[in-house]
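User: Please take a close look at one part of this structure, the loop backbone, and follow it from there to the elements it connects with. A single continuous account would be preferred.

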Amino acid sequence: MPDLVRYEVKDGVAVVTIDNPPVNALSPNVWTEIDQAVQRAVADPAAEATVLIGAGTTFIAGADIKVFDLLKTPQDSIARSAGTHALLRRMEDSTKPLVAAIHGNALGGGLEVAQACHFRVATRDAKVGQPEVLLGIIPGAGGTQRLPRLAGAQMALEMCTDGKPVAAPKALAAGIIDRIVDGDLLSGAIAFAREKARAREIRKVRDIPHAADAVKAGLAACEATRAALKKTAKGMQAPFAAVSAIEAGLKLGFDEGSVRERELFAECVVSTESKALRHLFFAEREVAKVPDVPKDTPAREIKRAAVVGAGTMGGGIAMTYANAGIPVLLKDVDDAALQRGLATIRRNYDVTMSKGKMTAEQVEKTMALITPTTSYDGFDQVDIVVEAVFENMDLKKSTFAELGKVTRPDCILASNSSTLDIDEFAKASGRPAQVVGHHFFSPANVMKLLEIVRGRETSKDVIATSLKLAKKLGKVGVVVGNCFGFVANRMLAYYMREAYLLLEEGASVEQIDRVLTEFGLPVGPFGMQDIAGIDVGARIRQYLASIGKSRAEGPQSAVPDRLFEMGRYGQKTGAGWYKYDAPGSRNRTPDPLIEQLAEDEARKRGIARRPVADDEIIARITTALANEGARVIEDGYATRAGDIDVIYVYGFGFPRHRGGPMFYADTVGLDRVLARVTDYRRRFGDYWAAAPLLERLAAEGRGFYSEAAAPA
Ligand code: T1G
């Protein structure tokens, strides 16, 4: 085993280099070897000081997250972090100046190691942070105790509860780092260390006193942070635990505060919240790995783009490309349609500007990258075209037929269709290898998910290019198969089926939306439809009916179609599932008409209405998602369950701290999920048939994640 930590003496300074690619994560061996190297430096007469530095592109990106799965009980965790605390204390007690030299990222345990050093220097583009709450834990190596002493309680609270990295210049101003090194980091750090050695300067962060007024202000900041988190971190545990740990340090001092930190960390690390967030951390990185598309598959550079259709989606897609600095042609049939599209884009940028996220100059520069057109001029120069015309098969096929003629042979032809058969478009284009689905989610310039739909003949380099492009556009790209509704909308149809049926059975629109927002979704199914437009779903249902299909097995409620017939499309018409103050307004009130419509439909279907418990709403909807998700996997339209979780977290805001619908099903237990399916089949009908994969895993006492779920 190569050393994970190297030791050498340079210009009278011991240089300890952590070399555990790709991000120098603190695995147990790395911790041990750092400890040994620092103690070696203390004893080394040739060294008057010590510098800690990371090999490769970064300092230390934190503890090895995989290790946390080994911690089964809080006691396991407390024992392990007591060892870590003692190790960091030993480092801090080094009798020679100990300097952390930071480049790339110093995150989590990485920043805590740096804080146990006496001084920290960094490159100007380095970042430091305590992102642990994003993993459902808190800093567990003294960060909640040392950071407030370095940067003050307010800054520590922000960093430990929002988990965002801080750039070096800001960290310098906050006192987290002591110097920015321009030029070579190692020689700058060695020079700094020698200065401190000559000055016989050592500074133990744990001994930096809290001034009395700082403690008072700090405790007030803890209260204020807790109050704010009640709104922003509903249902979460870790952000509140981080506040309690910092508070304990302010009240009880370093040693007892550290004990409290270890206890709170231990409670968090074994929580379902943390397991869910750790699962998503790795699932988000797995989605980029497509089994038969090797990592070295050539991905093309996308320098110029075009979008066909300047409607809500087309406009948002054009903004996404412009925001990424890619010039984009935006085509629509006539100038009136174009002007409407451009006006919406301008309005969106005005909102962004009013929030201080862009300057007027930045808006003009970005909008200048969007070139409106009513012709195909210039389409022979672009690397990709995204078709975003109306969700109608004939219209899309004729568009692809045209695109096949006006673009370069190697130009990628992508469709933003949310449901329709990509292979039909591919055939119409005459070059199926270049055709792929790029399904954006509304609003396209905001939602982070990009469903990359692979057609029968889509080439591997088009898939590789799509994944790389997704990252460039600031999206999370997930490759899925080409079935009706792909993965996102195919499963959504079951979610909506249950929402409609629960309404007919006796639940109310407000109750269903409330229960699901309390569960952690940003908006409930009915609120979501009123935003997206009831007409969008209705027109897809009409198209499906015309080809003898429906979106989901089982009874289809007629209530949404009744609303469509009444012209109640949601927010945009001032009425949908709710009433709104005016068209376009977001202020909604319940509408007794909906109850009436539900009663009518229930009577027609011979359903005896009844009170519906909140738990049943969650159970029905999450079970429908998991059961259909299992089918999607066994049908081969999703590579792994994790891809589905990433799709639902980024596409529909499924609560991260529940891990996504498939991970959530595992926390319920697939035997219980199957029992629910069986019960629903008995109560409601055969359309509740269990997915064979679900039956098999439950029978084997496994989950979607206990072992790679393979198609039967
Ligand atoms: N542990 C294990 N693996 C890690 C890892 C980590 N901390 N960080 C990254 N990886 C893997 C990742 O899965 C991927 O693997 C590869 O490295 C490259 O990552 C004690 C308790 C640093 C900003 O939360 O945010 O410290 O897919 O694709 O885009 O109090 O990685 O190639 O097989 O993300 O350049 C706190 C987590 C831990 C930071 C780089 N630290 N990492 O981004 O590369 S908890 C974090 C990141 C802790 C202490 C507590 C990012 C990055 P593979 P990547 P990137």
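Analyst: **From the loops to the ligand shell**

P443 is found in the loop that runs between β15 (435-440) and β16 (449-454). The model is a predicted one, and the backbone geometry described here is to be read in that light. The peptide bond that joins S442 to P443 is cis, with omega about -5 degrees. A cis peptide bond also leads from P21 to P22, where omega is near 5 degrees. P22 belongs to the loop between β2 (13-18) and α1 (28-43).

Positive phi values form the next topic. D11 has phi near 50 degrees, a positive value in a residue other than glycine. The loop that holds D11 connects β1 (5-10) and β2. D11 is exposed, because its relative accessible area is 54% and the term applies to values over 50%. R200, likewise not a glycine, has a positive phi of about 50 degrees. R200 sits in the loop between α7 (185-198) and α8 (212-232), and with a relative accessible area of 77% it is exposed. G669, just after α26, takes a positive phi of about 105 degrees.

The loops of D11 and P22 both involve β2, and β2 leads on to β3. The strands β2 and β3 run parallel and are joined by six bridges; V15 has V51 of β3 as its bridge partner. How far is strand β3 covered? Six of the six residues of β3 (49-54) are buried. A49, V51 and I53 point one way from the strand, T50, L52 and G54 point the other way, and all of these are buried. In general, side chains in a regular strand alternate between the two faces of the sheet.

G669 leads in turn to the helix that comes before it. Helix α26 (residues 661-668) has six of its eight residues buried, so the rest of the structure largely encloses it. Those buried residues are P661, M662, F663, Y664, A665 and V668. They pack against several helices, α11, α18 (488-505), α19 (509-519), α24 (614-634), α25 (641-652) and α27 (670-684). One of these helices, α25, contains D643. Is D643 buried or exposed? D643 is buried, because its relative accessible area is 1% and the limit for a buried residue is under 20%. Leaving aside residues up to four places away in sequence, D643 touches three valines, V287, V478 and V479.

Another of the packing partners of α26, helix α11, brings the account to the ligand. Which element gives the largest share of the shell around the ligand? That share, three residues, comes from α11. At least two shell residues are supplied by each of β5 (105-107), α3 (109-116) and α11 (272-286). The ligand is surrounded by 27 residues, of which A63, G109, E112, G140 and R285 are the closest. By type, the shell divides into 16 nonpolar, five polar and six charged residues.

Several polar contacts can be named individually. A ligand oxygen lies 2.8 Å from a polar backbone atom of A63, and an oxygen atom of the ligand is 2.7 Å from a polar backbone atom of G140. The contact with K289 involves the side chain, where an N or O atom is 2.8 Å from an oxygen atom of the ligand. Of the 1000 Å² of accessible area that the ligand has on its own, the protein covers 73%.

Strand β5, which contributes to this shell, also belongs to a sheet. The sheet is open and consists of three strands in the order β5-β7-β8, with mixed pairing. β5 and β8 (166-167) stand at the edges with a single partner strand each, so one side of each has no neighbour in the sheet. β5 and β7 (residues 127-129) run parallel and are joined by three bridges, with N105 opposite K127 of β7.

Taken together, β5 links a sheet edge to the ligand shell, while α11 contributes to that shell and packs against the buried residues of α26.

Notes. Residues are numbered from 1 along each chain as its sequence is written. This is a predicted model: local features need pLDDT of at least 70, side-chain atom pairs count only at pLDDT 80 or more; totals for chains, interfaces and linings use all residues. Side-chain values use heavy atoms; hydrogens and water are left out. A residue is near a molecule or strand if one of its heavy atoms lies within 4 Å of it. A polar contact is a pair of N or O atoms within 3.5 Å; within protein, one must be able to donate a hydrogen and the other to accept it, and residues adjacent in sequence count only if both atoms are side-chain atoms. Accessible areas come from the Shrake-Rupley method with a 1.4 Å probe; for residues, only the protein chains shown count as cover. Helices (H or I, at least four residues) and strands (E, at least two) are DSSP runs, numbered from the N terminus. Ala, Val, Leu, Ile, Met, Phe, Trp, Tyr, Cys and Pro count as nonpolar, Asp, Glu, Lys and Arg as charged, and the others, Gly among them, as polar. Buried means under 20% relative accessible area, exposed over 50%, partly exposed in between (1.4 Å probe, protein chains only). Contact means heavy atoms within 4.5 Å. Two strands pair if DSSP finds at least two bridges between them.
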